[in-house]
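Subject: A structure for you to look at

Hi there,

Here is the structure I promised to pass on. Have a look at it first, and then read my notes below.

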Amino acid sequence: MNRLIIILYVLAALLLASCTSGRHSEMLAQLEELERQNVADSLMTNDSLALALAEYFDRHGTYQIRPS
């Protein structure tokens, strides 16, 4: 019984990690796009994306996910 509970916890942790990594990759891509716009000196009409990215990376860190 204990072994089954441990297996369920491990599976839940792996599922959660896989969901989070996709979101993190998406946020990194948006951050890179915002950086390109900034370097190109593009006109930015609002700061909502920058604020959302700052909030996300403040909560989750800026670690890099390396492709497998």
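Let me start with one residue: E55 has a relative accessible area of 43%, which makes it partly exposed. Do keep in mind as you read that this is a predicted model.

E55 has a partner. Its side chain meets that of R59 in a salt bridge, at 3.4 Å from N to O. R59 is exposed, with a relative accessible area of 64%. Both residues belong to helix α2, which covers residues 48-60, and they sit 4 residues apart, about one turn of the helix. That spacing is worth remembering: an α-helix has 3.6 residues a turn, so residues three or four places apart point the same way.

How many salt bridges does a search of the whole structure find? There are 2. In the other pair, R36 and E33 form a salt bridge whose closest N and O atoms are 3.0 Å apart. These two residues are both in helix α1, 3 residues apart, again about one turn of the helix. R36 has 49% relative accessibility and E33 has a relative accessible area of 35%. Both values lie between the 20% limit for buried and the 50% limit for exposed, so R36 counts as partly exposed and E33 does too. As for the chemistry, side chains of opposite charge can pair when their charged atoms come close.

Now back to α2 as a whole. The helix has 13 residues, and at 1.5 Å a residue they should span 18 Å; the end C-alpha atoms are 18 Å apart, so the two agree. Which residues of α2 are buried? They are L53, Y56 and F57. Looking down the helix axis, you will find these buried residues within an arc of 90°, so they line one face of α2. The face turned away from that buried side carries the exposed residues L51, D58 and R59, and R59 is the residue you met in the salt bridge with E55.

Two of those buried residues deserve a closer look. A search of the whole structure finds 1 aromatic pair, and Y56 and F57 form it in an edge-to-face arrangement, with 5.1 Å from centre to centre and 85° between the planes. Both rings belong to buried residues.

Next, the backbone. After α2 comes G61, which has a positive phi near 85°. D41 has a positive phi as well, near 60°, although this residue is not a glycine. Most residues other than glycine have a negative phi. You will find D41 in the loop between α1 and α2, and with 68% relative accessibility it counts as exposed.

There is also something to see on the surface. L4, I7, L8 and L11 make a nonpolar patch of about 390 Å². One of these, L4, is found in helix α1, which covers residues 2-39.

Finally, the overall picture. The chain has 2 helices and 0 strands. Of its 68 residues, 10% are buried. The chain exposes about 5,900 Å², and carbon and sulfur atoms supply 60% of that area.

If you want a place to begin, try finding E55 and R59 in α2, and then turn the helix to find the buried L53, Y56 and F57.

Happy exploring!

Technical notes:
Residues are numbered from 1 along each chain as its sequence is written. This is a predicted model: local features need pLDDT of at least 70, side-chain atom pairs count only at pLDDT 80 or more; totals for chains, interfaces and linings use all residues. Side-chain values use heavy atoms; hydrogens and water are left out. Patches are made of residues with over 30% relative accessible area and no salt bridge: like charges are joined within 9 Å, nonpolar side chains (Val, Leu, Ile, Met, Phe, Trp, Tyr) within 5 Å. Accessible areas come from the Shrake-Rupley method with a 1.4 Å probe; for residues, only the protein chains shown count as cover. A salt bridge is a side-chain nitrogen of Lys or Arg within 4 Å of a carboxyl oxygen of Asp or Glu. Rings of Phe, Tyr and Trp (its six-membered ring) pair if their centres lie within 6.5 Å; planes under 30 degrees apart count as stacked, over 60 as edge-to-face and the rest as tilted. Buried means under 20% relative accessible area, exposed over 50%, partly exposed in between (1.4 Å probe, protein chains only). The expected span of a helix is 1.5 Å times one less than its number of residues. The arc is that of the directions from the helix axis to the C-beta atoms.
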